[in-house]
Amino acid sequence: MPPTGKRDGARRMNGKTSYLALLAVGGLILSLSGVAVAFSSMGTSAMGFYRMLLGGLGLAGFALWRGLRWRMTRQALLYACLAGAALALDLYWWHKSIRMVGPGLGAILTNCQSFFLAGLAWAVFRERITVVYFVALVLAATGILMVSGAGLPVASGPDSASEHWLGVALGLASAAAYALCVVFIKKGQTPPHATHPAVNMAVLCAAAAPCLLAAAWLEGESLAIASAADFGTLLLYGLLVQGVAWLMVSTAVPHVKASLAGLILLAEPIGTYAIDVLFFTARPTPMALAGMALTLAAIYAGSTYGGAPSGGAPSGGAPSGGAPARRMAKAQGSGH
């Protein structure tokens, strides 16, 4: 029989692996947000509102069915509300950025969340960022750059130039808001303030929904659900993406170092690009395939050999043209 210390170490390793797998699967499910938005005729902020509304109702129903306790400490409630506000800002700024810089460069900007999250992990949680981890992070971001095929477009005048740089700033702000959302979730789920992730995410959705409703009103977007197809899409977006995927992410994040969570969630844009290829008109290029391989290899290396570092954003390749491509361009601005 192995010594007790070895058994405990094996259990901890198995537990860590399970949470890493849960985080990765949750991130890949988040890639479906692009499909949801691509097949909807609604505005992005209106869809974001319904995503939070339906996701929150689904999570609340699950919590009631399981008989979970809704009692939260003031600190847990505060962090859940802050996370909801941060996620709403992330979605809103991301959508605005996409319209100004396009889906390709938008993919690069929003995935800067991993760098913001690494910095916050060091500042807030005192996580040690190793050289191996940082190299893996840079390589993973390089792979996403190769997949998106994005570059800075040449502006044709002062107005387009200023709009472009505003889009860059909003994209970076979106990445920072996403990183803050993950940090707030982790802070709010730290004992003794931890509640069940379903309860925590239901409160997060309740905080984010009014923010996105206000954004939809400011943008003049209609909340009318025009067709059964739109309703089905909203169910996918709310129940699966916000409910199931974010429940998996929020369950794993408290048990995984924040810096590593940011690295693993970089697998999400790879999933989005795969959906682009399988369901839309994007054609995989050698550079894109090499970028996918580089990103996945870097994520594996960083999570396996990164040492101390133990929570992304959607993106993907730019579509190639035609009506399906225009749908996918909208999908790239779907949010996380």
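Read along the sequence, the protein chain of this predicted model follows the pattern α-α-α-α-α-α-α-α-α-α-α-α-α. That pattern corresponds to 13 helices and zero strands. Of the 336 residues in the protein chain, 51% are buried, and the accessible surface comes to about 14400 Å², with 70% of that surface belonging to carbon and sulfur atoms.

**Aromatic pairs**

- The structure holds four aromatic pairs, and two of them are described here, beginning with the pair formed by Phe62 and Trp65.
- The ring centres of Phe62 and Trp65 are 6.1 Å apart and the ring planes stand at 50°, so this pair counts as tilted, a class that covers planes neither under 30 degrees apart nor over 60.
- Phe62 and Trp65 both belong to helix H3, which spans residues 44-66, and they are three residues apart there, about one turn of the helix.
- Phe62 is partly exposed, with a relative accessible area of 26%, whereas Trp65, with a relative accessible area of 69%, is exposed because its value is over 50%.
- Tyr178 and Trp246 form another aromatic pair that is tilted, with 6.0 Å from centre to centre and 55° between the planes.
- This second pair links distant parts of the chain, since Tyr178 lies in helix H7 (residues 158-188) and Trp246 in helix H9 (residues 228-252), 68 residues apart.
- Tyr178 and Trp246 are both buried.

**Charged side chains over rings**

- Lys186, which is found in helix H7, has its charged end over the ring of Phe125, at 5.5 Å from the centre of that ring.
- The relative accessibility of Lys186 is 10%, and the residue therefore counts as buried, the limit being under 20%.
- When residues up to four places away in sequence are not counted, Lys186 touches Phe125, Glu127, Val253, Pro254, Val256, Lys257 and Ala258.
- A further case of a charge over a ring involves Arg126, which lies over the face of Trp122 at 5.7 Å from the ring centre.

**The salt bridge**

- The count of salt bridges in the model comes to one, and it is formed by Glu219 with Lys96, whose closest N and O atoms are 3.5 Å apart.
- Glu219 lies in the loop between helix H8 (197-218) and H9, while Lys96 lies in helix H4 (residues 74-110), so the pair ties together parts that are 123 residues apart in sequence.
- Glu219 counts as partly exposed at 30% relative accessibility, and Lys96 is also partly exposed, with a relative accessible area of 23%.

**A nonpolar patch on the surface**

- Phe115, Phe134 and Val138 make a nonpolar surface patch of about 250 Å².
- Within this patch, Phe115 has its place in helix H5, which covers residues 113-125.
- The relative accessible area of Phe115 is 34%, which makes the residue partly exposed; because that value is over 30%, Phe115 also meets the accessibility condition for belonging to a patch.

**Ser259 and Pro284**

- Ser259 has its place in helix H10 (residues 258-264), where it counts as buried at 0% relative accessibility.
- Although Ser259 and Tyr133 are 126 residues apart in sequence, the distance between them in space is 8.9 Å, taken from C-alpha to C-alpha.
- Pro284 is found in the loop between helix H11 (267-279) and helix H12 (286-305), and with 41% relative accessibility it counts as partly exposed.
- Pro284 and Tyr273 are eleven residues apart in sequence, and their C-alpha atoms are 9.0 Å apart in space.
- Tyr273 is also one of the residues in contact with Pro284, together with Val277 and Leu289, once neighbours within four places in sequence are left aside.

Methods: Residues numbered from 1 in each chain as written. Predicted model: local features only at pLDDT ≥ 70, side-chain atom pairs only at ≥ 80, totals over all residues. Heavy atoms only, no water. Patch = residues over 30% accessible without salt bridge, like charges linked within 9 Å, V, L, I, M, F, W, Y side chains within 5 Å. Areas by Shrake-Rupley, 256 points an atom, 1.4 Å probe, with all protein chains shown as cover. Salt bridge = Lys/Arg side-chain N within 4 Å of Asp/Glu carboxyl O. Helix = DSSP H or I, 4+ residues; strand = E, 2+ residues; numbered from the N terminus. Buried < 20%, exposed > 50% of the residue type's maximum accessible area, 1.4 Å probe, protein only. Phe/Tyr/Trp six-rings, centres within 6.5 Å; stacked < 30°, edge-to-face > 60°. Lys NZ or Arg CZ within 6 Å of the ring centre and 35° of its normal. Contact = heavy atoms within 4.5 Å.
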